[in-house]
Amino acid sequence: MEKQRWGIRKLVLVPCPFQGHINPMLQLGTLLHANGFSITVAHTKFNFPNPENHPDFTFLPIPDALFDRGITSSIDLTDIISCLNVSCKAPLKNSLAQIMESEKENHGGGQKLPCVIYDGSMYFAEAVAHELELPSIMLRTTNASTLLTYYSFPQLQKEGYIPLQDGMSLALVPGLYPLRFKDLPLANFKNLDILLQLMARTSDIRSSSAVICNTLDCLEKSSLAKLQEQCKVPVFPIGPLHTIVPSSSSSLLKEDRSCIEWLNKQSHNSVLYVSLGSIASMNQNELREMAKGLTSSRQPFLWVLRPGSLLPEDFDESIGEKGLIVKWAPQKEVLAHKAVGGFWSHCGWNSTLESICAGVAMICQPCFGDQTVNARLVSHVWKVGFEVDNNLVSIEIEKAIRRLMLDVEGQELRHRVISLKKKIELCTQEGASFCNSLSELRKCILSC
Ligand code: UDP
């Protein structure tokens, strides 16, 4: 009966078109669909998800003008996000107005209005919802600790800490323990003012009724409590979404499954999995050093090198003996494989959660954005990995690999990550904190 009542509520999801954002949004959609809501995904043409992987959803393409303006190849994410927020607004408004019109025709006005659930980076969706008097809810695909840094930037600017005097400073940031200035998500963006404006805008809740975070109490209790104090609307920790909705796949690249057969032939906990996610990449020199470090460590490895990353030619041969290189892996399956004993990761939030939930300890090499915050939590708070610098030479890479895969320290990290994994499993079981959060979210969606 109750399920039927939820069934009449249409949710329009507006994901940000990057792999690390699409995955949690579509996982959330799957979770809410399983709870009786109808799901429409309003997506850009740039990096659009494959509708065939989600037969229960309706897909609504929104023109995005990125191609026309020639910025799809831009490596500056702020350019892409800013462009999307300008160019997608009018088309989304038209599409939502049409949906509202047809709902009225079909249900004679007795229908609840659609609710818009948007990625915080796609803030135009909140503006559109507000103009059409539709309810909206923000999804954060980063964790609570990262969102808190965004809220603290205006004060840090006022007190003269930002712009940073020293981007590599190890001093603690006031009010953001245990983050150091070097961990703030400010690195590698070309224009600080534009970045700060964008962060302020993407985290501004405005007319939204709630915030959903892909995290959980047992990982971020105190940050979640601070975040709830900061936000005037309910904050729902609904995570880790990938374990709650394990079957859903929303890969933009084709997964190379041959690596699972290869892993089947490797011994228990012996393989190092190496991936920097969907955006970060290594330059030619870093690739060369990594290739050398991996081969000289003599540890088997599975390395994801996305299309476009070219290994120096002289390395192809020697690498083939101990390792496997693929363009894109079924990462969750790889991390869950018993042969995988460690993850060399850029610490994107999805990869971090996936690694912890699979009980795999990490070498953290954060590149930009929230990755530096996540790496600090991994190494200093949960103590399930250690951090290394960028631009390492091969001998340092080899040492780090041995430290994780062979030394006592690595074993301790593995024990700790397995106990954290078990703690998370308890939190997401029936009747535990996650279920309360989901039930409160349902109520919130039904009442807004
Ligand atoms: N991923 C994957 N195969 C790969 C590399 C990454 O399926 O070969 C997935 C990974 O499981 C994660 C997402 O891509 O869900 C990357 O998101 P994350 O937040 O870790 O990093 P981002 O790509 O946003 O930097």
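Student: Where is P178 found?

Tutor: P178 is found in the loop between α6 and α7. Helices here are DSSP runs of H or I with at least four residues, strands are E runs of at least two, and both are numbered from the N terminus. This is a predicted model: local features need pLDDT of at least 70, side-chain atom pairs count only at pLDDT 80 or more, and totals for chains, interfaces and linings use all residues. Residues are numbered from 1 along each chain as its sequence is written.

Student: What joins Y177 and P178?

Tutor: A cis peptide bond, with omega about 5 degrees. I162 and P163 are also joined by a cis peptide bond, with omega about 0 degrees. P163 lies in the loop between α6 (144-158) and α7 (192-202).

Student: What about E133, which sign is its phi?

Tutor: Positive, about 60 degrees, although E133 is not a glycine. E133 sits in the loop between α5 and β5 (136-140). Most residues other than glycine have a negative phi.

Student: New topic. How is the protein divided?

Tutor: Into domain 1 (2-141 + 205-239 + 428-447) and domain 2 (258-426). The bounds come from an automatic or database domain assignment. The C-alpha centres of the two domains lie 31 Å apart.

Student: How many residues does the contact take from each?

Tutor: 12 from domain 1 and 11 from domain 2. Contact means that C-beta atoms, placed from the backbone, lie within 7 Å. On the domain 1 side, helix α2 (residues 19-34) gives the most, with 4 residues.

Student: And where does the ligand lie?

Tutor: Between the domains, because both give residues to the shell around the ligand. Of the 20 residues around the ligand, G20, G277, S278, G348 and S351 come nearest. A residue is near if its C-beta atom, placed from the backbone, lies within 6 Å of the molecule.

Student: Which element gives the largest share of that shell?

Tutor: α14, with 4 residues.

Student: Last one. How do α4 and α5 cross?

Tutor: The axes of α4 (residues 89-107) and α5 (residues 124-131) come within 10 Å and cross at roughly 40 degrees. Axes are lines fitted to C-alpha atoms, for helices over the stretch in contact, with angles from 0 to 180 degrees between N-to-C directions. α4 and α5 are therefore oblique to each other. Under 35 degrees counts as roughly parallel, over 145 as roughly antiparallel, 65 to 115 as roughly perpendicular, and the rest as oblique.

Student: Which residues meet there?

Tutor: K89, L92, K93 and L96 in α4 meet F124, A125, A127, V128 and E131 in α5.

Conventions:
Two residues are in contact if their C-beta atoms, placed from the backbone, lie within 7 Å.
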